[in-house]
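Trainee: Could you take one part of this model and walk me through it closely? I'd like the helices of the second chain, please.

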Amino acid sequence: MTEPLLRVTGVAKRFGRVVTARDVSFELSAGEALGLVGPNGAGKTTLLDVVAGTLRADAGTVTLDGQDVTRLGAAARADRGVARSYQVPRPFGRLTVFENVLVGASFAGRRPGGGGAPGGRADGAGPAGDARDRAWHALAVTDLTGAANTPSGSLRLLDRKRLEVARALATGPRLLLLDEIAGGLTDRELPQVVGLVRRLRDDGVAVVWIEHVLHALLDVVDRLLCLAAGEVIAQGDPHEVIRSPQVVEVYLGSTVDSVPDSVPGEPA
Amino acid sequence: MSAPNTTADAAVPAAPPATPTVTRGGRGSVVGGGVLVLVVVLLAAVVPYVVTLGALSSLVMLFALVILGTTWNLLAGYGGMVSVGQQAYVGVGGYALIQLADAVGAPPWAAVLAAGLVGAVLALPTSYLVFRLAGGYFAIGTWVVAEVFRLVTMQIGGLGGGSGLSLSAFRGTDRVDRVAFVYWFALALMVAVVLGTYLLMRSRVGLGLTAIRDDRVAASSLGVAVDRGRRIVYVAGSAGAALAGALIALSTLGVTPGSIYSVNWTAAMIFIVVVGGIGTIEGPLVGAVLYWALQQALAPLGTWYLVVLGGVAVAVVLLAPRGLWGLVAGRFQIFPTTYRVRI
């Protein structure tokens, strides 16, 4: 059997007494999409941080293509094809939208032999080649071309979220980590995001997607992983996971704002 | 609320659209660049023959101020590092010049360049120390480091202790020849530093640096090597300060620890960059000319000079928060480092 693209084994992370990850393990292959759900404070974003290298795990390992990257920082992992969006957008405020995306297209996209990465460079632009083409393409698929020359600091929240995705796409990722990109979207915009994620996955990108808009998630993910208090309480087939007693209990026992639109047990 | 139809694969273009033209600068930068070239030619070929030796020496100070402002802007405006301790490298540059020219016997031009190198070599290990600090702590920490540099310099035997050193390499050289040499050399060095900074900021590395300035965490997620980028800026900026310090010592024929390591150098850099326009190549040029002109005009007024300087700084910060160049930067760039898409 071939090595999965991403393998997370026994990851643990705590901040003082607060445990945000405890013995978390999962795998993800190229062309697979994993949904990450759980109540607020369950440790979803922390897990993304550990995979992206923004945070170092206290214990456990992260491997990419069988290569141990646990000790590598975020930039080195970006060089190996990991890209992410931030839940609270972090635009380069004094740069324009285009320049923001150009940063993504100019650095991580330069790793040697990375030309085979699908998704962001499905247009065939080589790794050292046209960063500008890749940047523009990323703006096009996120519907941001009209704002290309706008200083990103003056964007409204929704466009900042799009910019997060555009920047990540411009790197030409093999593993894309998305942190709540659908919240606040209209019924017209939601299918676009779902379509985009599905197309990336079909192009061979591995996707981990944290999302509270559950019906959007269920439309595209192959598997679902539910976290609560830093522990994996269920993972596997999406519809089985959201119907499992532990998950239902966690959701009903949590605050109202984290209960998804579509009630668990009644998938769309 | 009913679940919307989420099966449509809408709005994702099948074929990527053609990238429109991306421009960097326009007619403004051609005209502005032409004017600047003309100014440099005038400074090189005409000014030395029509002004006094005293005026030439004071122009050397202007060129040193441009180098100081440009390199501090590199640190604070592009690297996001607000250092209050760049006088450490001004001092190192001054002392290194005199030691290299007098004790080692290097020709003055080579001694200046080597003094810049000494600044870079000292900045590298220092960066590992000060990079442990962030924000305000970085500012104070760099100031402390500068004081340590000054105190250590005074303790080293052969560096003149508290009274400093004077430069003897020009002994026997005609005064006119000396001032003319220092003037042209300083002019060339200033042009090289400004052009070098521009080319750096226009490059891919420069794009990464502005990303680091705006958001370090996001920059690293996109593959920008944050620590290496900041280190490059700190070392280059410190080398620039050392070059300026060497020029100042070369022009004034000596150093004292109290003046060459003075925090006033950094105060001048901050004035030049903040009043001129932070984060632009042109801003420090404007700021340096203004600072120098005020210095020249107000020198007879004694302490009032500082009061006026402070008043100007307050007025600019209130009325033009992006500095004087910031008033035009949106429409006009002489040194375009930004990208504009023609939609």
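Mentor: Here is a look at chain B, first as a whole and then through two of its helices.

This is a predicted model, where local features need pLDDT of at least 70, side-chain atom pairs count only at pLDDT 80 or more, and totals for chains, interfaces and linings use all residues. Residues are numbered from 1 along each chain as its sequence is written, while chains are lettered from A and ligands numbered from 1 in the order in which they are written.

Chain B has 15 helices and 4 strands; both are DSSP runs numbered from the N terminus, helices being H or I with at least four residues and strands E with at least two. Its radius of gyration, taken over C-alpha atoms, is 23 Å, close to the 20 Å that the globule rule gives for 343 residues, so chain B is as compact as a globular protein of that length. That rule is 2.2 Å times the number of residues to the power 0.38. Along its principal axes, the C-alpha trace of chain B spans about 90 × 45 × 40 Å.

Of the 343 residues in chain B, 42% are buried, meaning that 20 or more other C-beta atoms, placed from the backbone, lie within 10 Å of a residue's own. Contacts are residue pairs whose C-beta atoms, placed from the backbone, lie within 7 Å. Among those in chain B between residues at least 6 apart in sequence, 79% join residues at least 24 apart.

Now to α5(B), residues 108-130. This helix has 23 residues and reaches 32 Å from its first C-alpha to its last, close to the 33 Å expected at 1.5 Å a residue; the expected span is 1.5 Å times one less than the number of residues. There's a bend of about 35 degrees at L124(B), and a proline, P125(B), follows within four residues. A bend here is the angle between axes fitted to the seven residues ending at a residue and the seven starting there. Buried residues of α5(B) include A111(B), G116(B), V118(B) and T126(B), and what covers the buried ones includes α4, α6 and α10 of chain B.

Further along sits α13(B), residues 282-298. At 1.5 Å a residue, its 17 residues should span 24 Å, and the end C-alpha atoms are 24 Å apart, which agrees. Among its buried residues are E282(B), P284(B), Y291(B) and W292(B). The cover over the buried residues of α13(B) includes α3, α12 and α15 of chain B.

Technical notes
A residue is buried if 20 or more other C-beta atoms lie within 10 Å of its own, exposed if 12 or fewer, and partly exposed in between; C-beta atoms are placed from the backbone. Two residues are in contact if their C-beta atoms, placed from the backbone, lie within 7 Å.
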